[in-house]
Amino acid sequence: MSKTKACLFDLDGVVVDTAKYHYLAWKRLANSLGFDFTHKDNERLKGVSRMQSLEILLSIGKIKPSDEEKSKMAEEKNNWYVEYISKLDENEILPGVKDFLIELRRNGIKIALGSASKNSMLILNNLNLTSYFDAIIDGNKVSKAKPDPEVFLLGAYELKVHPSECVVFEDAQAGIDAAKAANMKVIGIGQKDVLLNADKVFEGLSNADMDIIEF
Ligand code: BG6
Ligand code: MG
């Protein structure tokens, strides 16, 4: 018998591929500042908070703006990003995700979102997925970014389950480290060789069933 009572999902890269839209918006900002930003650079931003992402981008461009200029840049990037994700619809839900959420609910497993994104609600609403989540913990609710476990611990708290009864789904190393620090099981979504310390790794959630949350 599995002791799993709840599943906590990261959003970007697990439920939907928003990395491409983050990339377009960050690249637009970099170009406006006079330097380039590559797909490889974008990989470094996965799971990283908005302001930390900006710091990485500025270090690539080797520029040091004031704090006030930095907040303006982050706001500009976010406006562009929101413009892109406003057009999201159900077709962009990653393969298998919706069926898996339905299967979890049918089996009485509680479901929470555990994301760093302050745009989580807009994304979930556009994907028509909001009603599947019993708790939504996003970037507006936490003060410490992954790899700090705060986002997942708050999720377990809101679902009224013990962390040891939770399974986290994550595509970023910072998120896997956060789940482990929360004393939860973690399923990595992506490539085995780059996601270290996950309990299991799958390329995606196509054909995911109740067996995968057995530990
Ligand atoms: C994470 C993404 O889920 O959210 C990061 O992987 C992003 O790339 C972070 O920077 C914050 O998102 P947002 O939407 O609040 O800028
Ligand atoms: Mg992610």
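Start by selecting Lys3, Thr4, Ser164, Glu165, Cys166, Val167, Lys185 and Phe215: together they line the largest cavity. A cavity here is a set of points, on a 1 Å grid over the protein atoms alone, where a 1.4 Å probe fits but cannot get out, and lining residues have an atom within 4 Å of a point. The volume of the largest cavity is about 40 Å³, counted as the space filled by probe spheres set on points joined across faces, edges and corners. The structure has one cavity of 30 Å³ or more. Color the lining by type and you get three nonpolar, two polar and three charged residues. For that split, Ala, Val, Leu, Ile, Met, Phe, Trp, Tyr, Cys and Pro are nonpolar, Asp, Glu, Lys and Arg are charged, and the others, Gly among them, are polar.

Some ground rules before moving on. This is a predicted model, where local features need pLDDT of at least 70 and side-chain atom pairs count only at pLDDT 80 or more, while totals for chains, interfaces and linings use all residues. Residues are numbered from 1 along each chain as its sequence is written, chains are lettered from A and ligands numbered from 1 in the order in which they are written, and side-chain values use heavy atoms, with hydrogens and water left out.

**Stop two: strand S4**

Select 166-170, which is strand S4. Strands (E, at least two residues) and helices (H or I, at least four) are DSSP runs, numbered from the N terminus. Five of the five residues of S4 are buried, so the rest of the structure largely encloses this strand. Buried means under 20% relative accessible area, exposed means over 50%, and partly exposed is in between (1.4 Å probe, protein chains only). In a regular strand the side chains alternate between the two faces of the sheet. Show side chains and look for Cys166, Val168 and Glu170 on one side of S4, with Val167 and Phe169 on the other.

Glu170 is worth a click: this S4 residue counts as buried, at 1% relative accessibility. Draw a distance from its C-alpha to that of Ala208, 38 residues away along the chain, and you should read 14 Å.

**Stop three: the neighboring strands**

Now add S1 (6-9). S1 and S4 run parallel and are joined by four bridges; strands pair if DSSP finds at least two bridges between them. Ala6 has Cys166 as its bridge partner in S4. Next, bring in S5 (residues 185-189), which pairs with S4 in the parallel sense over four bridges. Here Phe169 partners Ile187. S1 also pairs with S2 (residues 110-114), again parallel and over four bridges, and Cys7 stands opposite Ile111. Both faces of S1 are covered, with Ala6 and Leu8 buried on one side and Cys7 and Phe9 on the other.

**Stop four: the magnesium ion**

Select ligand 2, a magnesium ion, and show Asp10 (OD), Asp12 (O) and Asp171 (OD), which coordinate it at 2.0 to 2.1 Å. Donors are N, O and S atoms within 2.8 Å of the metal (3.2 Å for Na, K and Ca), and water is not among the atoms, so sites may look incomplete. Along the chain, the donors follow the spacing D-x1-D-x158-D. Asp12 sits in the loop between S1 and helix H1 (19-32) and Asp171 in the loop between S4 and helix H8 (173-181), so the pair ties together parts 159 residues apart in sequence. Buried or exposed, these two, Asp12 and Asp171? Both are buried.

**Stop five: the cores**

Show Phe9, Phe133, Phe169, Leu205 and Ile213, which touch the most other members of the 50-residue largest nonpolar core. Such a core is a set of buried Ala, Val, Leu, Ile, Met, Phe, Trp, Tyr and Cys residues joined through side-chain atoms within 4.5 Å. Apart from the largest core lies another of 22 residues, including Val151, Leu159, Ala178 and Val186.

**Last stop: backbone oddities**

Zoom to Lys146 and Pro147, joined by a cis peptide bond with omega about 20°. Pro147 is in the loop between strand S3 (135-137) and helix H7 (150-159). Then try Asn128, a non-glycine residue with a positive phi near 60°, in the loop between helix H6 (120-126) and S3. Asn183, not a glycine either, has a positive phi of about 65° and lies in the loop between H8 and S5. Asn128 is partly exposed at 48% relative accessibility, whereas Asn183 is exposed at 53%.

Notes
On a 1 Å grid over the protein atoms alone, a cavity is a set of points where a 1.4 Å probe fits but cannot get out, and a pocket is an open set with protein on both sides within 12 Å along at least five of seven lines; lining residues have an atom within 4 Å of a point.
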